[in-house]
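Colleague: Could you put the model up so that we can go through a few things together?
Modeller: Of course, here it is.
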Amino acid sequence: MVTMSRRRFIEIAAASAALAGVTIGLAKPSFLITSHPSAESKPTSLKNNDPATTAIPLYDSILYTSCHECDQECAEVAYLRNNVLMKLDGNPNDPESDGRLCPKGQSAIMDLYNPTRLKVPVVRSNPSKGINVDPKWTQVSWDDAFTLIASKFQNIISQYGPQAIAGHSQLQLGNLQSFFSAIGSPNTFQCGSTCYYSWMATQLAVLGNDFSQQDLISGTTKYVILFSNVVETIENPNARQVMEAQAGGAKIVVFDPRMSASAAKADLWVPIIPGTDLAAVLALINVIITENLYDSDFVNNYTSGFEQLSSFIQQYTPEWAAPITGVSAATLRGIAVEFASQQPSVALFRRGPAKSRGQYWKFVHAWAILNSLVGSIDVRGTVTATRSASLASVAPPQSPPQSYSAAIDSREKLLPTPGNVWDGGLESTGTSDSFAESILNGPYPIKAVIAAGANWISSFPNAASWEDALSDIFVLVLDYQMTDTAWFADVILPVPTFLERDEIASPMYAIQPTVYARQAVVPPLYDTMTEIEIYHQIASKLGIEQYLNPYGSEVLDAQLAPLGITFDQLKVQGIFQVQQNFAPVRNFQTPSGKIELYSTNFKKAGFDPLPSWTASPIQPTNDYPMYFVTFNEATNCLSHSAWNPWLSELFDNSLWINTTTAASLGIKDGDLVNVESPYGKISVTASVTEKIRPDTVAMAHGRGVQNSGTDSWARRGVSDNLLIRTATIQDHISWYQSKDEPFGTAKFLDFTVSVSRA
Amino acid sequence: MTDTLFFTELSPWGLFIASYLFLGGASGGAFCIAALGEFKKEYQPLSKWAALVSVPAIIVGLLFLLADLGEPIRSINVFANVESSVMTWGSIIIVLFTLVGLFYVSFWLRFFPWSNNTRLRKLSAEAGLALALATMIYTGLLLGVAPGRPLWNSPLIPVLFAVSGLSSGIALTAIISILAPIKKLETLHPIDQIHKLDSYVIIAEFIVVASLLASVFVGSFTGSGSVTTILTGQFSLVFWFGLVTLGLIFPLGLQAYSRAKKNNFLSEILMSSFAIAISGFVLRFLIISAGYSIPIPYVANFFDLVQTSSPTLYDYVVTIGLFALLGAVYFGGIVILRSENTLLQMLRKNGHIAIEKTIKKIKK
Amino acid sequence: MLIDLSRCVGCNACTVSCKASNATPDGVFFTHVDKVESGTFPNTQVLLLPHGCMQCENAPCVAVCPTHASYKRGDGIVMIDQTKCIGCRYCIAACPYGARTYMKTINSYFSTGSSSDIFEQVGYSQYTAGTVAKCEFCATRLDQGYQPACVQTCPAVARTFGDLDDPNSDLSQAINSSNAVQLLPELGTNPSVYYILPEQPVTLAKK
């Protein structure tokens, strides 16, 4: 990490100019590519008979599968030699991944063959738990493990009731829910409140559907405003869409306090003050309405509440927004005019709202209004709803007893989601950021937890409270790597990686209904069991297996039956797509059947029906003078990339700090600095840069593994979570009651920090 | 904030190659003195010692080269590319030089049947001289082929390495001659003479250094970067102290001091010769390190990213070990022939030896 | 190969794809995306520069190699015969593009060594400790009908591969129709990797 002085900048500028002036000349090197290779067609005759490269087939077996390094689940092709997985590429049959994979997808080989994987069931023999305490793992047979778990669960259920068991699955939530409805506990959670929940729920309230699928088309899309960082986080294929749209003439504008890779590639980077995106969007809406630039046909036909919006928006002029956002009124005005006049145009956001400051649900509402005003809702080249393939649902052979469902329906959930106030059909995932606190101080005892691929200590703030919460209860962890959470487990059951199991996958986004085959490209390397098998085994010990969803190849075939294919047929190409013409969704599932610019859902629940601006009460102070933002790098997904040496080698989670700010604090590039928030303190390497606002510091999320049960490279880096506050259920309820936050969003970044030399 | 692997690869060569180039040059330089003795009678007392300096130096140099190779067992492969590789030609030259050097040394060891054949000895000195010059130039040419590294690519580099090789060779010869057993004090005069010669050589060397740095600095953007790292950057301490002070100012200052006193002390020759020899090594190390770390226009802030290969413990141990081996060879020879007086013993007995006075005394 | 720097997003998918395809040991990269920033906030510029072996027509590494371990194939790819390399690193000294890596030892990513990972065990067997390795444009993949690993995977479609000798190839056409440049053309190496330079973004300052 190095800074560049002004003098050197002049040098690079001069050198670049000189470079640009270089004529290439037409003398071409004698470069003869004898075949035109493509990923799929093997040339029939090789003109280049280099014995070194043609003697042995590079790959002797090719299998189609689907990536699961992140939730995009790109279709991919696995190349094997002598039954060893040697290479992964995108499945060229898949128009979404186009035969391409991001670094995470490319790195999956190192997850599969990683020798630090969890290989056998183990139980702890050291009863005392701690991040620096050796659990003294003892290997047990699967049967002994299941007997132990079943007897623990049996005791807890008889003594405290089934709700004393809680679980969180990042593998397949449906499996966990099936198990929990069989035992009668309502307490299953997912990471929604720290991520997507607010974004989904607001869309359902305002638009009646999820219209956030990015669908940029080169040559069609003219103007894109990114409030997100799709290019850097590289949710393949979203990054490609942005770059191709730009090459096709679209102008890309990025709002970000930090020059992300997205901003670096953009036509315009707007380094906005963190947490003020809503004010900027309101100003854009103001210009579009007051200057009559909106798509009146779309607004008249498909929206309601335009009058209320028009009068509401008058106060939010660009001049009003300029001091709030740090963006000049002229800039905001210019962007608004261009956005509205160059059709199709679209605003996109993708980032977990919980990671932003302030009332993010209002930002989502404003974003929905902005796109609606230019008619960019479910239109090709803008944003669309996902077209999902309809699969047959799976039901257990026998329904759980009525008393179980009654217990579940009685809403005695440990972590209620306050905002599930209208029946939008959205699955309630619980305010999972309060999980630890609720285990410690909840309304009723929690005696056992299941973490299926979930790593709370690394993924949620306040690791210390998690360590306390997990110390005195029975912890069952299903995972393939030694997470910090697994370090606190009483029993760890190893699960296969996605490259060792058969299941049906579907892309997070697709314009045509699509399913992918996820097949075992190698037989399971270790003595592992899949999540659903494990639940079945435990349930069988408890005598309740008949209440669980069945699994196996017949189930996969049954699920695929509506598409007229079997799983074996799906494996041939790895992808099945239903070809259908694009018909825009125009029935919006809101009370009025239209896009509710003025939201009656919010109104009914007592929340602001229009996204009015309230400045965040948390502003820089003398003690904590800097904004703090986090981001996700291309080489990271959630917290599980730390175990991958190829990704960890490239990953850098140093603290970005502006050159001027660093100079005033006496910080040099590469110095160790202390970052302190009201909630915690970390020491991290400073990366002095011109790529960030002087009032803001940033660091990449996803590192800071602490336990010694894994290789040293996995423990590189620091976790941003150590700076972040934990909200309690009471916080969530009071936010809900004060009509500040309807969805239990975690409000992760509502704090400022101080930075000093270590 | 810059994240780059481009051109920040550690320099491929470190202590071993610096030592090899130093010993190769010094060996060639010492052989020049040996040959000088064959042509100018007054220097003949030094020929034997110069040859004994030269041959172990080139052999230990070759050991350094072997130690540096990743696959030394395959080193015979080096002779495969006679069409274009400078290293192949250099290897041929060095091997021939070593063989001829050994042959020349054999004349001074007396027990070979041909030891008394002066004509053959002179002939081998002539052949050896040609190969010695070629070796000295080659140590610079080796670096000269790298097109992307202006400091190495300069035509002045072979000149510099040849001149520096000569100065180091003279210095080592002076040291060994002073430490060596002698029959008469007849070596004193030629030692004094070659030491004076060395002053001119180091002046020439620094003229070449200055021209090199100046021409490379103005020659290209990348070159200016290398020169900057030497003059003011991370190598400046090595350059100003290790090279300029030790290799130029100190020996010349001492010389001037002696001249002013009209008396040249043997101990002073010893000291300045050591300084010159060390600076010869420093020069190789500096050129290797600074020349590899070049900036490139696209990465204009590259200067700050320059990394040099930091020697490992293994490198230090082997380097010190091999130099110790060389020292042991020299010292062993001296010890074996210890029955005679050495100048060193005289030094120990008499304190300073004022050379001019002593020579006058002898002449009387 | 043509690399469009205006397309590259610096995600390092090529880097990881290359690591997988070539099974390069710990710390060895045949390609990498360098990130170089310049300018002052908010007029900051970032150059994302993927680079590897340039497969020069006049390859200095091939010329200096004393053992013919570095050689050029008929199609112009500069190859390394690991059985001939003696590890003298003369090629590294000669390469102006930093494309070559000396593997003093073959390092596993894992403290338990490469024998604990079947992929490393199989993949690393192609390398000899004490020799030099570099990008060979995935010659084995090419000869067996696949694109180079970096080109195949590039999620931003920044890399194009093709036949430079054929003036009608897509690659040649693309190079001719853009202002593509070579790196350090003044050295006369005539690299086979061309770059399209990016236009820098406009940034709007606070006013």
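Colleague: What does the accessible surface of chain A come to?
Modeller: In this predicted model, the accessible surface of chain A comes to about 25,600 Å², and carbon and sulfur atoms account for 51% of that area; such areas come from the Shrake-Rupley method with a 1.4 Å probe, and for residues only the protein chains shown count as cover.
Colleague: Before we go on, what are the ground rules?
Modeller: Residues are numbered from 1 along each chain as its sequence is written, while chains are lettered from A and ligands numbered from 1 in the order in which they are written. Local features need pLDDT of at least 70 and side-chain atom pairs count only at pLDDT 80 or more, whereas totals for chains, interfaces and linings use all residues, and side-chain values use heavy atoms, with hydrogens and water left out.
Colleague: And how much of chain A is buried?
Modeller: Of the 758 residues in chain A, 63% are buried, where buried means under 20% relative accessible area, exposed means over 50%, and partly exposed lies in between (1.4 Å probe, protein chains only).
Colleague: Which residues have the most contacts inside the largest nonpolar core?
Modeller: They are B:Trp13, B:Leu151, B:Trp152, B:Ile287 and C:Tyr195, in a core of 174 residues; a nonpolar core is a set of buried Ala, Val, Leu, Ile, Met, Phe, Trp, Tyr and Cys residues joined through side-chain atoms within 4.5 Å. A second, separate core has 69 residues, including A:Leu278 and A:Phe588.
Colleague: What does B:Ile287 touch?
Modeller: Leaving aside residues up to four places away in sequence, its contacts (heavy atoms within 4.5 Å) include B:Leu143, B:Phe161 and B:Tyr292.
Colleague: Switching topic, where in chain B is confidence lowest?
Modeller: Among its helices and strands, pLDDT, the predictor's confidence in each residue from 0 to 100, is lowest in helix α12 (residues 343-350) of chain B, at a mean of 61. Separately, pLDDT stays under 50 over residues 297-308 of chain B. Where pLDDT is low, the predicted coordinates should not be read in detail.
Colleague: Last one: how many disulfides are there over all chains?
Modeller: The count is 0, taking a disulfide as a pair of cysteine sulfur atoms within 2.5 Å.
Colleague: Why is C:Cys11 not bonded to C:Cys154?
Modeller: Because the sulfur of C:Cys11 is 6.4 Å from that of C:Cys154, its closest cysteine sulfur, which is too far for a bond. C:Cys53 is in no disulfide either, with the nearest cysteine sulfur, that of C:Cys135, 5.4 Å away.

Definitions and conventions. Helices (H or I, at least four residues) and strands (E, at least two) are DSSP runs, numbered from the N terminus.
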